[in-house]
Amino acid sequence: MRKVLVALALIGASSVPLGVFVAVNAQNETPTVQKTTKPQLERQTAVPWTGSPLQFEYPNRDETLKIPEVFRALKIGKGSRVADIGAGGGWLSTRLARQVGPTGTVYAEEILPRYVSFLQERARKEKLPQMKAILGTTADPKLPNDLDAVVILNAYHEFDKPLDMLAKIKTSMKPGARLGFIERDNPDLRREAEAAYRATGRIKRRVTEQSDGDEHTDDHRLALPIVEREAAAVGFRKVGAMQLREDHYLLVVEKPLAR
Ligand SMILES: C[S@@+](CC[C@H](N)C(=O)[O-])C[C@H]1O[C@@H](n2cnc3c(N)ncnc32)[C@H](O)[C@@H]1O
């Protein structure tokens with residue numbers, strides 16, 4: 001079938017090159033992810049966090065992120081099978097594990113082997129056998145199938161192959177299952193990032209265990225419309241978005257029911 005490349009104009013920080021290239025089926029206009037190893041995005045992605053896995057255990061984070069409301073919006077309850085992608089030190093995974101209880105499962109996924117070991121040890125120490133650590137790659141989180149929900153907390157802006165990741169995540173979800181993105185953005189952060197780009201030549205080179213010579217920024221912020229468009233490009237349906245506290249937002253999308 002004939003495919004055309006389309007650049008979707010994205011809304012966001014004006015100094016960042018914007019646009020995501022997806023292959024669109026010319027007959028029915030259904031976007032599909034382009035099978036290529038070439039960069040999929042014109043927006044820059046952030047340098048992945050490689051510091052202490054406990055960095056994100058700060059006070060009041062439950063209140064700031066309105067965790068009970070997030071769980072309600074994603075329909076996560078006792079017995080749910082859930083994945084936390086880019087789990088870091090497991091701040092959210094442990095909360096998810098308590099929410100799903102012993103009859104549920106939480107897959108705490110990471111790309112850094114060091115964090116995966118930390119997550120395994122944390123699950124053991126906190127007596128949460130329902131929390132399982134998974135080592136993924138930047139293009140495939142290696143999740144099991146039949147997930148009821150997936151959460152990506154402050155990590156999507158670091159994914160350097162976000163469309164590949166979303167396509168794989170979608171395959172692992174049940175029809176009707178929900179995916180929640182929690183990211184940060186506001187006009188002040190946008191202005192700050194623009195000033196930093198101007199002052200530093202805009203891009204910093206990534207230095208991590210995953211180092212592949214790609215260029216990434218230090219800007220850990222992502223505009224909501226960008227996430228909405230990328231999720232739509234792989235076939236997710238938007239359910240809704242809500243403002244959390246401070247500069248965080250939650251976007252909820254779902255895998256459409258099979259026709
Ligand atoms: C800022 S930390 C947030 C950690 C955790 N979600 C939290 O908020 O407590 C972002 C995490 O995303 C992970 N990450 C970056 N790119 C990733 C990818 N392509 N797939 C999975 N995880 C990724 C990093 O290793 C890092 O631990």
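Me: Two strands count as paired if DSSP finds at least two bridges between them. In this predicted model, what makes strand 11 and strand 12 a pair?

Reply: Strand 11 and strand 12 (residues 248–254) are joined by six bridges, and the cut-off is at least two, so they count as a pair. The pairing is antiparallel. One of the matches puts Ala-241 across from its bridge partner, Leu-251 in strand 12. The two strands make a hairpin with four residues between them, and Glu-246 in that turn has a positive phi of about 50°.

Me: And what about strand 7 and strand 8: how do you know that they pair, and in which sense?

Reply: Use the cut-off again: strand 7 (residues 147–153) and strand 8 (residues 173–184) share six bridges, at least two are needed, so they pair. Here the strands run parallel. Val-150 sits opposite Leu-179 in strand 8.

Me: What makes strand 6 and strand 11 the edges of the sheet?

Reply: Look at the order of this open, seven-stranded sheet: 6-5-4-7-8-12-11, with mixed pairing. Strand 6 (131–135) and strand 11 each have a single partner strand, so one side of each has no neighbour in the sheet. From one strand to the next, the twist averages 20°.

Me: Which helices lie against those strands, and at what angles?

Reply: Helix 3 (residues 91–100) is one of them, packing on the sheet and touching strand 4 (81–85), strand 5 (105–110), strand 6 and strand 7. Its direction makes about 165° with that of strand 5. Helix 4 (residues 113–125) lies across strand 5 and strand 6, at about 170° to strand 6.

Me: Why is Gly-90 called buried?

Reply: The label needs 20 or more C-beta neighbours within 10 Å. Gly-90 has 29 inside 10 Å, so it counts as buried. You'll find Gly-90 in the loop between strand 4 and helix 3. Outside its neighbours within four places in sequence, Gly-90 contacts Ala-108, Leu-119 and Arg-122.

Me: Is Phe-236 buried or exposed, and how do you know?

Reply: Its count is 22 C-beta neighbours inside 10 Å, and 20 or more is enough, so Phe-236 is buried. Phe-236 belongs to the loop between helix 7 (224–233) and strand 11 (237–243). Its contacts beyond four places in sequence include Leu-179, Val-253 and Lys-170. Lys-170 is 66 residues away in sequence, yet the C-alpha atoms are 7.9 Å apart.

Me: What stands out in the largest nonpolar core?

Reply: That core has 55 residues, and Val-82 and Val-150 have the most contacts inside it. Strand 7 gives the most to the core, with six residues. Val-150 touches Val-82, Ala-83, Ile-85, Ile-169, Met-173 and Leu-179, leaving out residues up to four places away in sequence.

Me: Last one: what kinds of residues surround the ligand, and which come nearest?

Reply: The shell divides into 14 nonpolar, five polar and two charged residues. Of the 21 residues around the ligand, Phe-56, Gly-86, Gly-88, Ala-155 and Glu-158 come nearest. Gly is counted as polar and Glu as charged, so Gly-86 and Gly-88 go with the polar group and Glu-158 with the charged one.

Note on methods
Residues numbered from 1 in each chain as written. Predicted model: local features only at pLDDT ≥ 70, side-chain atom pairs only at ≥ 80, totals over all residues. Near = placed C-beta within 6 Å. Buried ≥ 20, exposed ≤ 12 C-beta atoms within 10 Å, placed from the backbone. Contact = placed C-beta atoms within 7 Å. Axes fitted to C-alpha atoms, helices over the stretch in contact; angles between N-to-C directions. Core = buried A, V, L, I, M, F, W, Y, C linked by C-beta atoms within 7 Å.
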